[in-house]
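Please give me a short guided tour of this structure. I have it open in a viewer and want to know what to select next and what is there.

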Amino acid sequence: MDRRHFLRNLLSGATIAALGPALLHGADAFAGDPAEFAAGLREHPYLAGWRQVSAEAFGPTTVQIEGRLPADFAGTLYRNGPAWFERDGFRYEHWFDGDGMVHGWRFGNGTVTHRGRMVQTPKFKRERSAGRFNTLAAGTTVADPVALRNNDDASTANTSVVVIGGRLFALSEAGSAFELDPDALDTIGPKTWRPDLQALPFSAHPLQDRDGSWWNFGALSMLGGAGLLVWHIGRDGQLIDAQVHDMGAPGYLHAFVQTDRYLVFLLTPFDYTPAGSFFESLTFAPQRASTVLIVDKTAPDRVARRFEVDFTMAYHFGDAFERDGEITVRTMRLADVARARSPHREAMFGHHGPAAPAELVELRLDMRTGRGRWETTGLGGMEFPMFDARTPSDRGARLYTPTNAGDATAPYFNAVQMIDPVAGRRELHRYGRDILAEEHVFIPRPGSTRPDDGWLVGTLLDPTRDRSGIAVLDAQHIADGPIATAWLPYAFPLGFHGHFAQAAA
């Protein structure tokens, strides 16, 4: 059997094994109540961040910019996140279950034009026709789910978005990338990188290498297996390679990190007892060690090194760098591992709940001795880290994250910050007591090679005025606040991740 057929059979077997029991599950659904959520929204307006969108499409809507954009700032911020939570009196109880809506914020001529479109996945179209949710979900038990042909039949395409080779893709954890028209945001369909890899997981956090190519992974832990599929895509959008590695034991991962030489995967151990959906059945296992897999980019067909380190649960990573034979990885550690299974669960039910920000920690991996250790930074109250990928590979980058500052009405972020753990510096801008601040993407200044010379662009929700907005800040003067802001005449729920596509010069 050749390697392609071996790979396909191995991964398909894991997928079928995972889907089979779930499809046979016929228990009653346990979910939120739309009326209960609506009542909570009236009492806590910030819950608009978890409110279903009012339509499948928004815009194009052009609004004036308050302030002034630099002449060399041009392009589109694409964003993705769950937006469709309710059908037929049934509301998802897990934030990750909502069907994805992709947004495009296009800057030009002193204005910004917004479009939003639901990703027309097979799941979304099938359930719209049926008038109810009928598909196995990640975190909510759904009654009488239909049979699925493959992972793409269950995809919500709701987590992230990326432009590779000039083509726009909506991403999630468990299935294919879904291609969209980069202008109209209309759905083209799932991307098959190679016929024998059809519908296999292409996760939500691909990383671009310095040569312009892209690395990504597909985790089979969500599909009942213990394999890790490593993708390498050329800057032209063509597949370079795909390799599968044995995790040893199942481990959860949402993202990964890279140095110039290595890919680093942190696997969080968990126990799985079938009890409905994936996250309802999963229990993280802090009594066991986490596994770290190191893959050399020059030899992606094998694992270069395995580490066992103290348990840590993290969804997102900052940067990583290598110096003197040691890799340093920065990640956002979640202390409450039970709550980590369902972030902002109370909000999904229309209830006020606690904030659940992460703590910045560093993982030190000695490639010579095979020993790893965690170090704390004392910095917390943040998530969704971004950084300038032009930072030299032998030192840590400045991180840009949403955070909490001062009084706030919502258990969510209301500010953006720059932190430099090495220099001990922090700079912050607080948007206000009632504003919810999302991930801020770093955009390098065209023509500049100096690290951190550029801007941050991030989206905002103002629930008191029922509007969504966007802000642009000078990355080297965050405390000065936005240099440009724009607000839409409507609002939509909070999203997860974005990608800025700079306009051609």
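## Stop 1: a pair of strands

Select residues 178-180, which make up strand β10, and show β11 alongside: the two pair in the antiparallel sense over 3 bridges. Keep in mind that this is a predicted model. Now pick L180. Opposite L180, in β11, stands T187.

## Stop 2: the sheet around that pair

Widen the selection to β8, β9, β10 and β11. These 4 strands form an open sheet in the order β8-β9-β10-β11, and the pairing is antiparallel. Which strands stand at the edges? Colour β8 (160-164) and β11 (187-190): they are the edge strands. Each has a single partner strand, so one side of each is left without a neighbour in the sheet. Now look at how the strands are turned. On average, neighbouring strands of this sheet are turned by 30° against each other, direction ignored.

## Stop 3: a sheet of 5 strands

Next, select β1, β3, β6, β7 and β33. Here 5 strands form another open sheet, with antiparallel pairing. Follow the order across the sheet: β1-β7-β6-β3-β33. At the edges you find β1 (57-64) and β33 (497-502), and each of these pairs on one side only. From one strand to the next, the twist averages 15°.

Stay with the β33 edge. Select residues 75-84 to show strand β3, which pairs with β33 in the antiparallel sense over 6 bridges. Then click on T76. What is the bridge partner of T76 in β33? The partner is A501.

## Stop 4: the largest cavity

Turn on a cavity display if your viewer has one. The structure holds 5 cavities of 30 Å³ or more. Go to the largest cavity, where about 70 Å³ of space lies. A total of 13 residues line the largest cavity. Select H103, F492, P493, L494 and G495, the lining residues closest to its centre.

Which strand supplies the largest share of the lining of the largest cavity? Go back to β3: this strand gives 5 residues, the largest share. Both β3 and β6 (99-108) supply at least two residues each to the lining of the largest cavity. You met both strands in the sheet with the order β1-β7-β6-β3-β33.

Finish by colouring the lining of the largest cavity by class. You should find 6 nonpolar, 5 polar and 2 charged residues.

How values were computed: Residues are numbered from 1 along each chain as its sequence is written. This is a predicted model: local features need pLDDT of at least 70, side-chain atom pairs count only at pLDDT 80 or more; totals for chains, interfaces and linings use all residues. Side-chain values use heavy atoms; hydrogens and water are left out. Two strands pair if DSSP finds at least two bridges between them. Axes are lines fitted to C-alpha atoms, for helices over the stretch in contact, and angles run from 0 to 180 degrees between N-to-C directions. On a 1 Å grid over the protein atoms alone, a cavity is a set of points where a 1.4 Å probe fits but cannot get out, and a pocket is an open set with protein on both sides within 12 Å along at least five of seven lines; lining residues have an atom within 4 Å of a point. Grid points are joined across faces, edges and corners, and a volume is the space filled by probe spheres set on the points. Ala, Val, Leu, Ile, Met, Phe, Trp, Tyr, Cys and Pro count as nonpolar, Asp, Glu, Lys and Arg as charged, and the others, Gly among them, as polar.
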